[in-house]
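Reader: I should be grateful for a close look at a single part of this predicted model. Please set out what the computed values support.

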Amino acid sequence: MIFDWNVVWYAMPLLAHGVVMTLQVSIVAGLLGLAIGLVAGLASLSSFRVLRGVVRGYVDFIRGTPLLIQIFLVFFALPVVGVRLPEYWAGVVALAVNSGAYISEIVRGSVGSVEKGQAEAALSIGMTRSGVLWWVLLPQAWRPMVPPLTNDLITLTKNSSLLSAISVYELTRAGQAIIATHFAPFEIYLLLALYYYLLISVLSWASRRLERSLPQW
Amino acid sequence: MVIPPAILSARGVRKAYAGKVVLDGIDLDVRQGEAVTIIGASGSGKTTFLRCLNWLERPDAGDIRIDTQVMGRTGSVVATERVLAAQRRLFGFVFQRFNLFPHLTALQNVALGPRRVLGQGREAADARAERELRRVQLAEHMHKRPSQLSGGQQQRVAIARALAMEPRVILFDEPTSALDPELVQEVLDTMRALASEGMTMLVVTHEMRFARHVADRVVFMADGVIAEHGPPEALFGAPADPRLQRFLRHLEPSA
């Protein structure tokens, strides 16, 4: 076969639009997921059993079902019960709810990995459980959270390609549109892979920078 | 001479883990200004008893009275988390492994309680922390983090952290056991100074010299009970319980 460089030159700027959309979806969903994950993670550490049970159920559901089905649930099933989201927001919400579950486990795990004597020392000066969490455990949990959180953001960015299934015009969808008109799957899918790879490399690099910039003791 | 009333009293304290009895009914009174040491072989329940006093471990049975309060109770009902936290504050606790907060400086470690538990403003809390650090001779190190301090210095910061809450009694759980030998003395000196200032202290220790020369009373624990107690001269001079006799025989000659 002949590698068609012309279609590559043609596709590159078009795909750049897709990159912007992929980045935008990932960042918005990532921030939303972080917020959901923090709240759910703290809830799973609370002393209220019901609250812990709700988070448990949420995490189990997300872990036990495919992301694609979760996306379809938000986009195709929610309108049936009256919640109609445009494809962009349906995609963002689905990704955020999905990664929020994993992030809540990261938060719970990082706080739980702080040495047990820390909580005891804080209790001994008269702190309540919530004070211990807020003033002693969480400040020590941020740094160990960064690497797994980055992993999660990388997964989220790659998973955003599934939004092509509900016609969000992100990187994968943009590539598919070009393939449909130019019949060059080999060139375009390779190019897509390269774009994703570069995107992820930048994210990894930024995460390492962030981790190094956090205080150490 | 007026005998001051007991500020801390334990009655019938029991604790078992998975069926194994660790504390089998402990009674102990500590009067205001007294320094009491608890000695005994490892596994005798000394540390568990100390941790039951401020409810770091919940006793299975028994009452612990501190000041006018009964730990874990408000009147006849079970105390809320908030009340229990306030009761715990009446105790200072010094851990074997210091348990300083590594993300905070020495000053912040000591000021955290006054600030976040007592609700003092930053200046007031810092001033109190500085005062307590001065008391343990560490004012010049107050802006260092625990990782920049020696073990002995860390333990003294931990003592200052306990002092800053103005506790009725300070519980020491083998405060020098994790220290290199050359760092033990500075911590013992700090504790001796506190005792002479009239601080009420209950000290679990293997430092027999401290038990002998600083403590007003010594308690010997074995098999989850208090096997013998009394003034140090009596315990070390004429031990009655055979377990205590054996315990003292096995100590290093330096004690």
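Which residues of chain A make the nonpolar surface patch of about 340 Å²?

Author: In this predicted model, the nonpolar patch is formed by four residues of chain A, namely L23(A), I27(A), L31(A) and L34(A), and its area comes to about 340 Å². One of these residues, L34(A), is placed in helix α1 of chain A, which runs over residues 5-44. The spacing of the patch residues may be read with a general rule in mind. An α-helix has 3.6 residues a turn, so residues three or four places apart point the same way. L34(A) has a relative accessible area of 31% and is therefore classed as partly exposed, because that class lies between the limits of 20% and 50%. A patch residue must have over 30% relative accessible area, a condition that the 31% of L34(A) meets.

Another helix of chain A, α6, deserves a description beside the patch. Helix α6 covers residues 129-159, 31 residues in total, yet the C-alpha atoms at its ends are only 37 Å apart, whereas a straight helix would reach 45 Å. A bend of about 50° occurs in α6(A) at L137(A), and the proline P139(A) follows within four residues.

Chain B may be added for context. Its secondary structure consists of nine helices and 12 strands. The radius of gyration of chain B is 18 Å, in agreement with the value near 18 Å for a compact globule of 255 residues. Of those 255 residues, 54% count as buried.

How values were computed:
Residues numbered from 1 in each chain as written. Chains lettered and ligands numbered in written order. Predicted model: local features only at pLDDT ≥ 70, side-chain atom pairs only at ≥ 80, totals over all residues. Heavy atoms only, no water. Helix = DSSP H or I, 4+ residues; strand = E, 2+ residues; numbered from the N terminus. Expected span 1.5 Å × (residues − 1). Bend = angle between axes of the 7 residues up to and from the residue. Patch = residues over 30% accessible without salt bridge, like charges linked within 9 Å, V, L, I, M, F, W, Y side chains within 5 Å. Areas by Shrake-Rupley, 256 points an atom, 1.4 Å probe, with all protein chains shown as cover. Salt bridge = Lys/Arg side-chain N within 4 Å of Asp/Glu carboxyl O. Buried < 20%, exposed > 50% of the residue type's maximum accessible area, 1.4 Å probe, protein only. Rg over C-alpha atoms; globule rule 2.2 N^0.38 Å.
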